[in-house]
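I opened this entry to look up two things: enclosed empty space, and how one helix sits in the fold. Notes follow.

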Amino acid sequence: MQQASGASALRRLTTVDEVTAVIGRPPSVVTLKQISALDAGCRSVLAHSPVAAFGYRDADGTSRTTFVGGTPGFTRIHSPTRISFSLPGPGEQHGPVSLFFLLPGVGEILRVNGSVAAHRSARTAVAIEEAYVHCAQAVLRSRLWQPPAPKAEPIAGISGDGPLRRPGVAEFLAAAPFLALSTWDSSGGSDTSPRGDRSAVARILDGRTLVIADRKGNKRADTLHNLLQDDRLSLAALVPGRSGVLHVRGRGAVTDDPALLETMALRGMPPHLALLVDVEDAEVTGSDALVRARLWIPGAHLGRGPMPDMMAVAGKHLAAGSAEADGGPPAFLLKALGAIPCLTRLLRLVADRGYRSGLQKEGYEDIEPGAGERRRGFLRRRATNGGGTQDPLREVRVAEVRKETPSAVTLVLEDTGGNSRPFDFRPGQFFTLVTDIDGRPVRRAYSASSAPGSSRLEVTVKHVAGGHFSTHVHQSLRVGDRLAVRGPSGSFHTGQKSPDEMVLVAAGSGVTPMMSMIRTQLADRSARGRIALLYSSRSEDEIIFDADLTRLAADHPDRLSVTHVLTRRDGRLDADGVRRWVTGLSPGRDAHYYVCGPEPLMNAVQGALSGLEVPDKRVHHERYTSGAVGAGGATTVPQEMAVEDNGRPVGTAVVEAGQTLLDAGLASGLPMPHSCTVGNCGECLVRLRSGEVTQNEPNCLTADQKADGYVLACVSCPLSKVSLDIADPSPIDRVDGAQ
């Protein structure tokens, strides 16, 4: 292996003529397929792509490469020459930028270059200058869409100090077959191109030097030419199946040193050139974009119509480019050829043969150029047969915002488009609302306050001081806005058939699931059961559903009674008060009790019902607390996580530094239970078999659950290697009143 002293002595290429002598010049068919505005094919790619590599420089001139997106269609198209997307990462972008868009299972990528046009909140607008389809060789070399390779062993004994000796960096590089590399020229241009190789795409020479093989490609050589003008670069590397990204920035040079190239030979065939990177900074971080993009999960991105045919897209670009240039293939001929049935399939076969031949000449074996297409077929079959992990999000629009009290509003939600479906759930269950706030997805769980079976879902949100989601709902959400819901979830409900007699105790927004129970029971004209509600509010103007409860009690005096406790007037509801109220009701032996509210209320009701010898099996409770996001005190290095289901191995994942157990499991395609993702609902309850985690407080875990070794995967980060069991435990308490 080359050592630090050898790296500085390697020969560098310094002129365009030297590079061209090795690489050659790109054929016209490569340069002519470049267009200056997005056409229908480009728009289709952007509609299907869940993630893109993005290279930019901040105001200080620092080069950065990262991955953006998270869901198909994350890029907003404002015009054929203007797009925007969210970038909550470091630094404000300036000047020339570049991207390439990935399609899961597809080898070819769409590259887009331009410049920053505007910033608004966390969104970046880009003025497009050029777009074109890039060949599949980098993806094929890396086997990006194939099952993850066995864990690679990091190199030992890295010489010299430097950023590459930081925790987790060498291990990540040893397993990373794919990266995005960003460079800039001296005339206002930017380029972010893919690099892929068998096993490790970048190799460590010493503590601050990387080498990246430059194997034969389409001969554009934008990266190499840019480095001759401006040696600052950045890159972001991926490991299939992981949601972490290795971010590197430094300075690059081009070398043709024979001894170095020989160390990267495949079957005796070295690359024609290599890039040397003098690393200034290197860090492995979790990527929210990759977590949400779920690139390696079968069936994660189905349902948006057929994936774009990249051969057809490239063919149309070539025809458009030929019409504007001299010396290329006649545009009319290309258009005529494009009209021939099945021509794109023939072009695909020709391209695959070319990929196979070229890669085999470089020393690659077992190359399957059509693997991307077959992988896409595999994804479809898995989804059709019920395999894989489908995203249960349901897109809805806000049909009405109804003010209940000065601090509570009800959102009336309905399906987008014309295909309305009923919202089916059991009275008392909750839904998780998902929306983007300042460029990041935010999720909160709220109980349904409407009756099931309607094409409209009602959830009631109480404003919490400092609450990220509730503040957005109260201050920003408007009729017509779109968000997504997941659910229903939760074990706090009346069951398939409501009990004949229900005793309900609630405080504050804990009345929301009770309202669904009341509305459902009273809407059933065949039912004759009795409902009694004891409801604690701070003051009269804070009684949620006051008018509705008054009307329902008047319309059904023999079936519904409502007793209000106003804490500013009557004091806090305690166990004695609950006991007196229940005793005055004289409930039957078969009555069921439902309790929802904060901890003091839960303790008071539990004490009262225990004193009255009410069996535990007839008491159903749901406690709520403020949501907690993230977990503090986690280690700064990736940790391994093994997942079991009732003792049966399910799979493994790597939890990146600062990442939660849930995010890592979902990114790796593991069937992790979850809903709200912020510690509010308890759906992500798992048993910690071994290892140690840090967990944010407060959360909805009970003392007994903690004692039994349960943790909430959504707010837990590992401090060591961990093993989890995701087997469904006994029903647990959940929270409401989320922020």
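I listed the residues lining the largest cavity: Glu 501, Met 502, Val 503, Arg 530, Ile 531, Ala 532 and Leu 585. Strands β21 (501-507) and β22 (530-537) each give two or more residues to this lining. I took a cavity as a set of points on a 1 Å grid over the protein atoms alone where a 1.4 Å probe fits but cannot get out, with lining residues having an atom within 4 Å of a point. Strands (E, at least two residues) and helices (H or I, at least four) are DSSP runs, numbered from the N terminus.

The model is predicted; local features need pLDDT of at least 70, side-chain atom pairs count only at pLDDT 80 or more, and totals for chains, interfaces and linings use all residues. Residues are numbered from 1 along each chain as its sequence is written, and side-chain values use heavy atoms, with hydrogens and water left out.

I searched the whole structure and found one cavity of 30 Å³ or more. The largest cavity holds about 30 Å³, a volume being the space filled by probe spheres set on the points, which are joined across faces, edges and corners.

Next I looked up helix α2 (residues 16-23), where Val 19, Thr 20 and Ile 23 are buried (under 20% relative accessible area, 1.4 Å probe, protein chains only). These buried residues fall within an arc of 100° seen down the axis of α2, so they line one face; the arc is that of the directions from the helix axis to the C-beta atoms. On the other side of α2, Asp 17 and Ala 21 are exposed (over 50%).

I noted that α2 is followed by Gly 24, whose phi is positive, near 90°.

How values were computed
1 Å grid on protein atoms, 1.4 Å probe; cavity = no way out; pocket = protein on both sides within 12 Å on 5 of 7 lines; lining within 4 Å.
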